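Opening the notebook on a new model today. The plan is to look at empty space, then sheets, then a couple of single residues.

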Amino acid sequence: MSEEIFVDASAPFVWSEKHPLAFFKSNLDNTFLYANRAGRIAMDGDRYRFALIRNRKKESTAGGGTQVVTKGGLLTTQIDVSAVVGTPEDEAAWTEAIKRDSPFVPPNIERLKLRPLGLRGGVMTISGLEGLVEHPEQYRGIEVGMQSTVPITLPLTGDGADTLWRVLGTPVGMPITVRFDYKYDACRPGAHYRITADTRKVYEYFGLNTVVAASWFGFVTGRVDISVVCEELTGSGALTIEWIAKPEGFDESRIKVMEESIVAAFAKQALDLMVEDVVADPQAPDPDGYFGGVSVKLKSFDKVQSLSLSGEYKENTISTETYSYAFTLGQLRNLDPRVYGVDVAGENEVPISVNLGRDERHVRGYSCQYGYRRPDGIVVSAHADALGSDGLMLNGVIQWDPRDPRPEHAEIQFAADWNLLAWEDYANKLQPRVGDSGVLFTYTPGSYVRTVGVLCDFAKAAPGTTAFVEWRTVLPPNPDGSRPKNYDGSFMYVGAGPAAEIDKHIIEFPYRPETVADARFEWEATLVTPDGKVWSRSGSEPVERASAVLAVRALLKPVPDNAGGAPARAARVLAGRR
């Protein structure tokens with residue numbers, strides 16, 4: 001998929017108090033991109049996709065009696081992270097909100113062109129799990145990619161399940177916050193500047209202005225003005241911007257706006273390094289059912305004092321930035337325990353949750369068989385199917401013959417059928433342990449699809465220039481020893497001069513997280529000028545870190561005439577095509 005639209009990073013984004021969105025000026029006339037500022041809970045009709053399950057069993061007491069105790073449990077839910085589809089009335093209201101806060105909308109424009117911001121490479125961090133799960137640190141920095149809903153299933157300790165059960169049905173809300181970090185692509189006018197930052201002053205500023213810090217991650221109480229943040233950071237000496245070469249054609253008012261954008265990007269990068277946790281703020285608003293009212297906890301200063309936040313920036317025209325927002329269960333209040341709570345109390349049963357994310361873009365359908373193997377070898381199982389456009393959140397029990405011991409492992413056979421026929425479908429067999437919390441199986445389709453943005457300015461080269469970008473995967477054997485399908489492709493460009501647009505091409509391919517540690521993504525970019533000179537750049541990185549290919553002329557290196565390999569091959573191929 002190729003397109004020529006980017007965030008214009010010379011202009012700061014716009015927040016609206018009335019709408020749960022952030023708006024970004026694009027490089028196209030009268031076109032803005034928008035993104036959610038919080039997650040929503042997924043729905044089945046008028047019911048949340050949410051359940052709290054306790055595994056309760058009888059135990060003997062010291063006095064010879066019995067008591068029912070909670071052995072463990074499951075919290076299962078799905079967060080809707082799909083882009084909002086606005087009605088004409090919505091888009092008119094969004095346009096008015098942008099016009100109030102952005103100087104880049106001509107007064108005669110009644111309706112802007114509005115498109116979802118192209119996000120990719122989602123990473124999820126869940127906080128507030130201390131005392132609820134055994135290893136809360138395992139729920140930080142989890143790859144989730146991009147899909148419509150992100151499934152979450154947490155194996156709770158006995159105490160954790162009882163703690164959340166006491167909250168269920170009350171106005172208190174659950175103390176769990178989910179943070180999402182995504183990548184997006186931005187373009188900048190040619191400029192050269194130096195940032196000098198005082199780490200202590202930056203830290204102290206965000207420590208005193210916690211609402212400002214939290215606003216980069218979700219909803220906050222009150223209004224945050226980027227121009228004021230810029231004035232306060234630069235006025236306090238926390239940050240200075242020294243221009244070495246200003247963008248061509250920018251007057252002083254436009255330079256001031258670009259400085260606000262630079263400070264906004266700097267603040268986000270600094271906060272990503274300084275924030276320890278994003279936590280729920282019950283006082284913050286949650287408009288239109290979005291649960292994203294947050295505050296932040298900064299790391300102690302001794303953990304960040306050695307950070308170097310200064311740097312010199314000679315813009316390469318295009319770059320990849322980070323966008324974050326949150327979802328908090330702290331604003332999911334007064335849930336009816338009869339609807340959203342389940343006690344599994346039978347001595348010969350444990351809860352099971354099958355949680356499959358909704359992803360109409362990538363997944364045609366799911367098939368899942370789950371159960372256990374009896375001591376005599378007979379498998380007792382049930383089956384569930386679902387469309388990718390629906391996903392599935394199924395909660396039930398694994399029940400065995402009372403005369404048999406509790407099975408040590410469950411058996412799950414799962415398959416995901418991709419929409420693209422060229423993709424090799426995913427199938428797997430698992431034997432998860434049957435523990436006190438129960439059995440859980442979660443499938444997040446976005447974490448099985450890698451999305452890479454190819455950002456290229458080759459079309460801006462002189463007429464007569466020919467170039468291409470080639471990519472490939474090198475995937476290791478599957479867990480069963482079979483060879484996986486590898487994927488490759490290429491894009492060709494013809495120089496059209498400086499007036500041409502920068503191009504963004506999105507690459508997607510499936511992979512297996514079980515073997516991703518040994519999987520690689522490789523690419524080569526080659527450009528041949530009209531005088532026959534060859535320029536090239538290549539890269540090879542782990543698939544799990546692949547996010548963007550920056551194929552820009554400023555980063556290419558000349559290729560000697562006697563060099564072999566792909567660049568020389570490319571030169572011969574391109575010469576034959578001209």
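Before sorting any lining by class, I fix the classes: Ala, Val, Leu, Ile, Met, Phe, Trp, Tyr, Cys and Pro go down as nonpolar, Asp, Glu, Lys and Arg as charged, and the others, Gly among them, as polar. Also for the record, I am working on a predicted model.

**Entry 1: cavities**

I looked up the closed spaces. The count comes to three cavities of 30 Å³ or more. The largest cavity holds about 50 Å³ of space. I wrote down its lining: Gly121, Glu143, Gly145, Gly446, Ser447, Val449, Arg450, Thr451 and Tyr511. By class I get two nonpolar, five polar and two charged residues around the largest cavity. Which strand gives the most to the lining of the largest cavity? I find strand S30, residues 449-456, with three residues.

**Entry 2: the largest pocket**

On to the open spaces. I note about 1,200 Å³ of space in the largest pocket. Its lining runs to 45 residues, and Tyr139, Thr153, Pro155, Leu440 and Thr442 lie nearest the centre. I checked which elements give two or more residues to this lining, and they are strands S10 (66-80), S12 (120-127), S13 (142-143), S14 (149-157), S28 (426-430) and S29. S14 gives the most, with seven residues. Sorting the lining of the largest pocket by class, I have 24 nonpolar, 13 polar and eight charged residues.

**Entry 3: the second largest pocket**

The second largest pocket has about 690 Å³ of space. I count 31 lining residues here, with Leu117, Gly118, Leu119, Met146 and Arg361 nearest the centre. At least two residues of the lining come from each of strand S5 (31-36), strand S11 (113-116) and strand S33 (503-510). S5 has the largest share of the lining, four residues. The class split for the second largest pocket is 16 nonpolar, six polar and nine charged.

**Entry 4: the sheet with S29**

S29 turned up in the lining of the largest pocket, so to speak a cue to look at its sheet. I find an open sheet of three strands, in the order S26-S23-S29, with mixed pairing. Why do S26 and S29 each have one side without a neighbour in the sheet? Strand S26 (392-399) and strand S29 (439-443) stand at the edges with a single partner strand each, so one side of each stays free of a neighbour in the sheet. Neighbouring strands are turned by 10° against each other on average, direction ignored.

I then went through the S23 pairing. Strand S23, residues 349-356, is joined to S29 by five bridges, and the two run parallel. Ser353 stands opposite Leu440 in S29. Leu440 is also one of the residues nearest the centre of the largest pocket.

**Entry 5: the sheet with S17**

Next I looked at another open sheet, with three strands in the order S17-S16-S20 and antiparallel pairing. S17 and strand S20 (311-314) are the edge strands here; each has a single partner strand, so one side of each is left without a neighbour in the sheet. The twist averages 20° from one strand to the next.

Six bridges join strand S16, residues 192-197, to S17, and they run antiparallel. I picked out one pair: the bridge partner of Tyr193 is Trp243 in S17. Helix H6 packs on this sheet, touching S16 and S17, and its direction makes about 125° with that of S17.

**Entry 6: Pro247 and Glu260**

Where does Pro247 sit? I find Pro247 in the loop between strand S17 (239-245) and helix H6 (252-274). Is Pro247 buried or exposed? Its relative accessibility is 4%, and buried means under 20%, so Pro247 counts as buried. Leaving aside neighbours within four places in sequence, I list its contacts as Pro189, Gly190, Ala191, Ile255 and Met258. For Met258, 11 residues along the chain from Pro247, I get a C-alpha separation of 9.6 Å.

Glu260 has its place in helix H6. Its relative accessibility comes out at 11%, so Glu260 counts as buried too. Again leaving aside neighbours within four places in sequence, I have Glu260 in contact with Pro12, Ile226, Ser227 and Cys230.

Notes
Residues numbered from 1 in each chain as written. Predicted model: local features only at pLDDT ≥ 70, side-chain atom pairs only at ≥ 80, totals over all residues. Heavy atoms only, no water. Buried < 20%, exposed > 50% of the residue type's maximum accessible area, 1.4 Å probe, protein only. Contact = heavy atoms within 4.5 Å. Pairing = 2+ DSSP bridges. Axes fitted to C-alpha atoms, helices over the stretch in contact; angles between N-to-C directions. 1 Å grid on protein atoms, 1.4 Å probe; cavity = no way out; pocket = protein on both sides within 12 Å on 5 of 7 lines; lining within 4 Å. Points joined across faces, edges and corners; volume = space filled by probe spheres on them.
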